[in-house]
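Let's take a walk through this model, one piece at a time. Have the sequence and the 3D view open as you read.

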Amino acid sequence: MKHRSLGQWGIRLALLLLGLTIAHLGVTLFLQSGLGSDPFSVLIQGISLRVGLSFGTVHVIALCALAVAMLLTTRGYVLPGTVVCAFCGGPIIDGFTALLGGFVNPAMAMPLRLVCSAAGCVILAAGMSLVIRSDAGTGPNDLVAVILTDKLKKFQFRWVRMACDGAFVLVGFLLGGTVGLGTVLAVALVGPAAQLAMPVSQRVVDRCTAGR
């Protein structure tokens, strides 16, 4: 656990929640476009089909398993925000779906669905970069790319994220998960967009935490 005052943790967790909200707005736009699941969801769907458990159950089990593995094999990555990400993402998506479902849905014309899917990927990446730069913790599935980038050092985050997303999709597809055009867009866009957003997110965090 990093040595910070309660006030410092409060600011960083607030920034994390802001980033998480932005990211899941992107996820909602992506999912409502009806062009495919995000890479990690393809993996979860494939595992769910194989083991006979619900998507939600497998999702929670997978996130908990990743968090435990990271706690045992790394130091300083699993933080309070990791728990926040694991349990708050679903309700945020449900809220945005209720707000936007009547306007953003698979009944839209294909060009609009493509725009929403691509915009969702970019918004997801921007929010994710703020979550990561908050340094308060991030979701276990996103931590995979963060940890590998730190350990490998040779490769930029965007390439590591793309490789991780590609691996999630490949394994999930082989297990029976559904891959769509939106899935391909997510693999291609999220990593590079997140890397571009990292410096901006870092400046936001630095400004909000200056003197704290």
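**A walk along the helices**

Just after helix α2, Gly52 takes a positive phi of about 75°. This is a predicted model, by the way, so read every value here as computed from predicted coordinates.

Now step back into α2 itself. The helix covers residues 39-51, 13 residues in total, and its first and last C-alpha atoms are 19 Å apart, close to the 18 Å expected at 1.5 Å a residue. Its buried residues are Pro39, Phe40, Ser41, Val42, Leu43, Ile44, Gly46 and Ser48. And what do these buried residues pack against? Their partners are α3 (55-73), α6 (140-152), α7 (157-174) and α8.

Let's pick up one of those partners, α3, which holds Ala69. With a relative accessibility of 36%, Ala69 counts as partly exposed, because buried would need a value under 20% and exposed one over 50%. Look across from there to Pro140: the two are 71 residues apart in sequence, yet their C-alpha atoms are 9.6 Å apart in space.

Gly52 has company when it comes to positive phi. Most residues other than glycine have a negative phi, so the next two are worth a look. Asp135 sits in the loop between α5 and α6, and its phi is near 55°. Asp135 is partly exposed, at 27% relative accessible area. Move on to the loop between α6 and α7 and you'll find Lys153, with a phi near 65°. Is Lys153 buried or exposed? At a relative accessible area of 68%, Lys153 is exposed.

On to the surface. A nonpolar patch of about 730 Å² is made by Met110, Leu114, Leu170, Phe173, Leu174, Val179, Leu181 and Val184. Which helices supply at least two residues each? That would be α5 (110-133), α7 and α8. The largest share, 3 residues, comes from α7, and Leu170 is a patch residue that lies in that helix.

Finally, follow α8 (residues 181-209) along to Thr209. Thr209 has a relative accessible area of 13%, which is under 20%, so it counts as buried. A polar atom of the Thr209 side chain lies 2.7 Å from the backbone oxygen of Val205. Setting aside neighbours within four places in sequence, Thr209 is in contact with Ile11 and Arg12.

Conventions: Residues numbered from 1 in each chain as written. Predicted model: local features only at pLDDT ≥ 70, side-chain atom pairs only at ≥ 80, totals over all residues. Heavy atoms only, no water. Helix = DSSP H or I, 4+ residues; strand = E, 2+ residues; numbered from the N terminus. Buried < 20%, exposed > 50% of the residue type's maximum accessible area, 1.4 Å probe, protein only. Polar contact = N/O pair within 3.5 Å; in protein donor to acceptor, adjacent residues only side chain to side chain. Contact = heavy atoms within 4.5 Å. Expected span 1.5 Å × (residues − 1). Patch = residues over 30% accessible without salt bridge, like charges linked within 9 Å, V, L, I, M, F, W, Y side chains within 5 Å. Areas by Shrake-Rupley, 256 points an atom, 1.4 Å probe, with all protein chains shown as cover. Salt bridge = Lys/Arg side-chain N within 4 Å of Asp/Glu carboxyl O.
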